Amino acid sequence: MGRERDLPPCDGVPVTDMGDAILIPGLVDAHCHLEWGLMGGLVPDAGFGDWLGAFIHRTAGVTPADREAGAHWAAIVALRNGTTTICDSGPGGFAAAAAAATGLRAIVHLEVFGRESGAAAREKVMHHGEALLRARDDAGPLVQVGVSPHSPYTVGPALWGEVLADPILGSGSVASHVAESPDEVLLLEEGVGPLVDTITSVGRDPASWPGGGPGVVSRLAAAGALRKGLIAAHCVQVGADDAGVLAEHGVRVAHCPHSNARLSCGDAPVEALEAVGIPVGLGTDSPASAGAYDLRDEARWAAEARARRGVSPVAADMLAMSTIGSARVVGLGREIGSLVPGKRADIVAVQPAEDAPVDADPALAVLDPRARVVASWVDGRQVLSADGPVLADTGSVNAAAREARARIM
Ligand SMILES: [Zn+2]
């Protein structure tokens, strides 16, 4: 943190005067779903199992083309909100092209669902490996492609194991939803509850994870489903012993406080996770359950959740969670997430409100909802200016999104 006057001289380097703007590291969204960008306001808040039932029902008619239009629209929304890196999961992988067109850095995970075992599981994994290689070919230089076994309630231990053992899928980034809701715990421990009702109502069997102790984390650990670098979204239903188990396995956590609050999932024990050395970052999830890809807003939700847990939130800590914290979660902590020599130039300029306490608490001024993101650079290239996105074709993206939203409605 510092002032312009403290910078060393930059002779011979072009200088852009950003006025009173505050420069911060580009925000890193550690868990989001760009393909569901157009679902805002369409799925009512409810307990998690009932919400998922409504989501499945509401998205039954949403086509891949609609999800593609949603991903391109969502990438622009994220960019305008100061995000420079997204860690996405989705069934179609459309976020890869959307990120490339917008200039965002990205890790895009192709979602896997199912309870297959044996030859059927290997066949499904092979199919996904081929899809991943195709998506990797199409991705730009700033876009990685990985895999997401969706969750312990939608993916069985045999298929999950095949994903991790596969030379293509298992060698890259892996993300999942882990221990998100009380309904997930009820499903795994007792095979009952609203989540079971939702899954059986669409003709599927809920996945079963025998072994381990109580809760979700110990069952995943017992089945060998946790591995170093796993990006585990939510981690709300995490007991006293679970944080140590997650740390021991090198799991990283994407904290999504807005979605957790809307779906009555509870409060993630962030301080307990951080205390055992687990990297914790912030994720916006999707407008189907939370806000619209706005990490500064998510940081304010994180601050409120921290206060509810009896810990005074510090703005600088909340901003750090959405920059270097998230960068470590997605495996890019050495490349991005802070403004230090040697890292890639992912930088965002934020214009603070006139009466913001810029000198006393610049992080608080950045998180103030009245502050505006006025410019962004990814890998040294400007991707957002005061006039809007520099690379994306905003007009045609908005037109396609409007048409898709009208079909979905
Ligand atoms: Zn999610």
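A residue is called buried here if 20 or more other C-beta atoms lie within 10 Å of its own, with the C-beta atoms placed from the backbone. Keep that cut-off handy for the tour, and remember that you're looking at a predicted model.

**Stop 1: the loop between strand 9 and helix 12**

Select Asp285 to begin. You'll find Asp285 in the loop that links strand 9 (280–282) to helix 12. Is Asp285 buried or exposed? It has 28 C-beta neighbours inside 10 Å, so Asp285 counts as buried. Now check its backbone: phi of Asp285 is near 55 degrees, a positive value in a residue other than glycine.

Stay in this loop and click on Gly291, which sits there too. Gly291 has 20 C-beta neighbours inside 10 Å, and therefore it counts as buried. Which residues does Gly291 touch, if you skip those up to four places away in sequence? Light up His258, Thr284, Asp297 and Glu298 to see them. Then draw a distance from the C-alpha of Gly291 to the C-alpha of Arg262: you should get 10.0 Å, although these two residues are 29 apart along the chain.

**Stop 2: another positive phi**

Hop over to Ser264, in the loop between helix 10 (257–262) and helix 11 (270–275). Ser264 isn't a glycine, yet its phi is positive, near 50 degrees. How many other C-beta atoms lie within 10 Å of Ser264? There are 15, so Ser264 is partly exposed.

**Stop 3: the parallel sheet**

Next, colour strands 6, 7, 8 and 9. These four form an open sheet in just that order, 6-7-8-9, and the pairing is parallel. Strand 6 (175–178) and strand 9 are the edge strands, each pairing on one side only. Look at how the strands sit against one another: neighbours in this sheet are turned by 30 degrees on average, ignoring direction.

Zoom in on strand 7 (residues 231–234) and strand 8 (residues 252–255), a parallel pair joined by three bridges. Pick Ala232, and its bridge partner in strand 8 turns out to be Val253.

What holds strands together in a picture like this? Strands of a sheet pair through backbone hydrogen bonds, either parallel or antiparallel.

**Stop 4: helix 13 and its partner**

Keep the sheet on screen and add helix 13 (residues 315–329). Helix 13 lies across strands 7, 8 and 9, and it runs at about 120 degrees to strand 9.

Now bring in helix 12 (residues 295–308), whose axis comes within 9 Å of the axis of helix 13. The two axes cross at roughly 130 degrees, so helix 12 and helix 13 are oblique to each other. Their crossing is right-handed. To see where they meet, show Leu295, Glu298, Ala299, Ala302 and Ala303 from helix 12, plus Met318, Leu319, Met321 and Ser322 from helix 13. You've come across Glu298 already, as a contact of Gly291.

**Stop 5: helices 2 and 3**

Select helix 3 (residues 95–102). Why is helix 3 described as largely enclosed by the rest of the structure? Seven of its eight residues are buried, so there's your reason. Those buried residues are Ala95, Ala96, Ala97, Ala98, Ala99, Ala100 and Thr102. Just past the end of helix 3, Gly103 has a positive phi of about 95 degrees.

Add helix 2 (residues 64–80). Helix 2 packs on helix 3 at an angle of about 45 degrees, with the axes 8 Å apart. That makes this pair oblique as well, and its crossing is right-handed. Helix 2 makes the contact through Ala71, His72, Ala75, Ile76 and Leu79, while helix 3 uses Ala95, Ala98, Ala99, Ala101 and Thr102.

Click on Ala75 by itself. Beyond its neighbours within four places in sequence, Ala75 is in contact with Leu34, Ala98, Ala99, Thr102 and Leu104. Ala75 also belongs to the largest nonpolar core, which has 126 residues; Ala75, Ala95, Ala96, Ala99 and Ile231 touch the most other members. Helix 2 gives this core its largest share, nine residues.

**Stop 6: the antiparallel sheet**

Finish with strands 1, 10, 11, 12 and 13, an open sheet in the order 1-10-11-12-13 with antiparallel pairing. Strand 1 (22–25) and strand 13 (388–389) are at the edges with a single partner strand each, so one side of each has no neighbour in the sheet. Strand 1 pairs with strand 10 (residues 347–351) over four bridges. For a last click, try Ile22: opposite it, in strand 10, stands Val350.

Technical notes. Residues numbered from 1 in each chain as written. Predicted model: local features only at pLDDT ≥ 70, side-chain atom pairs only at ≥ 80, totals over all residues. Buried ≥ 20, exposed ≤ 12 C-beta atoms within 10 Å, placed from the backbone. Helix = DSSP H or I, 4+ residues; strand = E, 2+ residues; numbered from the N terminus. Core = buried A, V, L, I, M, F, W, Y, C linked by C-beta atoms within 7 Å. Contact = placed C-beta atoms within 7 Å. Pairing = 2+ DSSP bridges. Axes fitted to C-alpha atoms, helices over the stretch in contact; angles between N-to-C directions. Parallel < 35°, antiparallel > 145°, perpendicular 65-115°, else oblique. Left-handed = near helix turned anticlockwise from the far one by under 90°.
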